[in-house]
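Here is a briefing on one protein chain. Have the sequence and the 3D view open as you read.

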Amino acid sequence: MSRIYLFALIELATLGAIITPLVVSLSLKVLQLVPEAEKEGALGIVAALGSLAALLANPIFGSLSDRTRSRFGRRRPWLVAGVVGGLLASVLLAVASSLPMMILAWVLAQAAYNATLASLSALLADQVPEEQRSKASGIFGAFGFLGMVPAMLVAALFASNLTVVMLVMPVFAVVVVTIICFVIPDPPVERQDAGSRSIGQIFSAFLFNPFKVPAFTLVWVQRATMQFGYTVVSTFGLFYLMIRLSMDQTGAASLTSIATLAGAALNVAAAFGCGYLASRRGNYAPFVIGSAALMAVSLLMKAFTDDLAVFWISTALAGFALGAYYAVDLALVMRTLPLGEEGKYLGIFNIAKTLPQSLAPALAPLIVLIGGSDPIAGGDKNYAALYIVAAIAVLGSLLTLPGLRGVLRRADYERGRAAATASTITEKESVA
């Protein structure tokens, strides 16, 4: 179990380096580079292209790590290279003097950090046994949110010093990941064909037939839909506060950081607690349903308020809901992975996290134009529409549950796995 905490610490540091710009520093950088009236569109382009890079990088680097021959192992070289590349890209982002340079820097940062995350997912599949995976899901969910804590503290204290805010977590990630890579095992690959695949085959590694793995596909869709609902509003959270609560950018950045920290505290509590309960119950359905319902309520509360107290209540509900969901989503998808292809499919599953980060920021500037002016704050941007669409997306994720009956409960999953194993043995015996 101690090894899981080390893996989760890598997740903490790496996600912190990615999430902090999405929450605060990208918005502030955009305000430095473009006119006020163009901020939503510019931020949408930056975030969308960066997430597209992450979408492509995750399965590609995961496949490359599968086939790496090194005396340091398959995964560790990519774990370290990713955070080092991310730090260099973050430096470029901090000094960017134009929007194209900012876009290039963020694309490089997303690609680099997802090399680390892809290798980490594969390492998790390599070394964490099935009976520990529900607890691991809760631990990873908690540590993913904890990654925002040190960075948000810095953002709250040094909101006017953008360079400090941008570089704290990238430096932290390099230090943490490098130290842990000296501790964790990662034996060199023994397969003779490890490095034999062509570039074309590596790029095709993230393609799959969704009809051959229907349960995996449904979990993928569920995770992508939940992520879309969250990302479509979180990317524009700073602008929401500036419009709805009539705050300046420094005050909005500080409040965003504090609210993120408060939400992260509830994320951690919910992820640990729900991960433990889900491990004991073996039934993930109540956690999926409850988290989606709470998240939808929190989004609808923000859609129709300019009251600070309501903002805090909805932030608390969203924090708990996300923690509860992330406590089980990794464990749930691990019940759907084809035997012998766990690393590949975990890489594909990571696309469900990164694809919405491309789509949501690109669509959000269009969504805020729905229905005319905002019913609460007025103006030409309708933030109520943005939060309503996000709530609909989150509730829509529950449509996948009927098709997941065979994996939501531990007893059903174990019966299905036993039947599949028996069928495989029978086929081998008939061939022999």
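The points below cover the overall fold, the cavities, the cysteines and some individual residues.

This is a predicted model. The chain folds into 17 helices and has zero strands. Of its 432 residues, 56% are buried. The count of cavities of 30 Å³ or more comes to three.

**Overall fold**

- The secondary structure consists of 17 helices, with zero strands.
- Contacts often link distant parts of the sequence: among those with a separation of 6 or more, 82% join residues 24 or more positions apart.
- The accessible surface of the chain is about 17300 Å². Carbon and sulfur atoms hold 67% of that surface.

**Largest cavity**

- The largest cavity has a volume of about 680 Å³.
- Its lining counts 35 residues, and the closest to the centre are Glu11, Leu15, Ile19, Arg223 and Lys353.
- Seen by class, the lining of the largest cavity holds 17 nonpolar, 14 polar and four charged residues.
- Several helices each give at least two residues to this lining. From the earlier part of the chain come H1 (2-33), H2 (39-66), H4 (99-127) and H5 (133-146). Further along come H9 (214-234), H13 (308-334) and H14 (342-367).

**Second largest cavity**

- The second largest cavity holds about 430 Å³ of space.
- Its lining has 26 residues, with Tyr230, Ser234, Thr260, Lys302 and Thr315 nearest the centre.
- By class, 16 of the lining residues are nonpolar, nine are polar and one is charged.
- H9, H10 (237-244), H11 (249-281), H12 (285-303) and H13 each supply at least two residues of this lining.
- H11 gives the largest share, six residues.
- H9 and H13 also each supply at least two residues of the lining of the largest cavity.

**Helix H10 and the loop after it**

- H10 is mostly covered, with seven of its eight residues buried.
- The buried residues of H10 are Gly237, Leu238, Phe239, Tyr240, Leu241, Met242 and Arg244.
- Ser246 sits in the loop between H10 and H11.
- Phi of Ser246 is positive, near 55 degrees, and Ser246 is a residue other than glycine.
- Is Ser246 buried or exposed? Ser246 counts as exposed because its relative accessibility is 64%, over the 50% cut-off.

**Arg244**

- Arg244 is part of helix H10.
- Arg244 counts as buried because its relative accessibility is 4%, under the 20% cut-off.
- Which residues does Arg244 touch, not counting residues up to four places away in sequence? They are Lys302, Ala303, Phe304, Thr305, Asp306, Asp374, Ile376, Ala377, Tyr383 and Ala384.
- Lys302, one of these contacts, is also among the residues nearest the centre of the second largest cavity.
- Arg244 and Tyr383 are 139 residues apart along the chain, yet their C-alpha atoms are separated by 8.6 Å.

**Arg75**

- Arg75 lies in the loop between H2 and H3 (76-95).
- With a relative accessible area of 2%, Arg75 is buried.
- Leaving aside neighbours within four places in sequence, Arg75 contacts Gly62, Ser65, Asp66, Ser119, Ala122, Leu123, Asp126 and Asp186.
- The acidic side is represented in that list by Asp66, Asp126 and Asp186.

**Ala142**

- Ala142 is found in helix H5.
- Ala142 is buried, and its relative accessible area is 0%.
- Not counting residues up to four places away in sequence, Ala142 touches Val268, Ala271 and Phe272.
- Ala142 and Ala8 are 134 residues apart in sequence, while their C-alpha atoms are 8.6 Å apart in space.

**Cysteines**

- A disulfide is a covalent bond between the sulfur atoms of two cysteines.
- How many disulfides does the structure hold? The number is zero.
- Cys181 counts as buried, at 9% relative accessibility.
- Cys274 is buried too, with a relative accessible area of 9%.

Terms used:
Residues are numbered from 1 along each chain as its sequence is written. This is a predicted model: local features need pLDDT of at least 70, side-chain atom pairs count only at pLDDT 80 or more; totals for chains, interfaces and linings use all residues. Side-chain values use heavy atoms; hydrogens and water are left out. Helices (H or I, at least four residues) and strands (E, at least two) are DSSP runs, numbered from the N terminus. Buried means under 20% relative accessible area, exposed over 50%, partly exposed in between (1.4 Å probe, protein chains only). Contact means heavy atoms within 4.5 Å. Accessible areas come from the Shrake-Rupley method with a 1.4 Å probe; for residues, only the protein chains shown count as cover. On a 1 Å grid over the protein atoms alone, a cavity is a set of points where a 1.4 Å probe fits but cannot get out, and a pocket is an open set with protein on both sides within 12 Å along at least five of seven lines; lining residues have an atom within 4 Å of a point. Grid points are joined across faces, edges and corners, and a volume is the space filled by probe spheres set on the points. Ala, Val, Leu, Ile, Met, Phe, Trp, Tyr, Cys and Pro count as nonpolar, Asp, Glu, Lys and Arg as charged, and the others, Gly among them, as polar. A disulfide is a pair of cysteine sulfur atoms within 2.5 Å.
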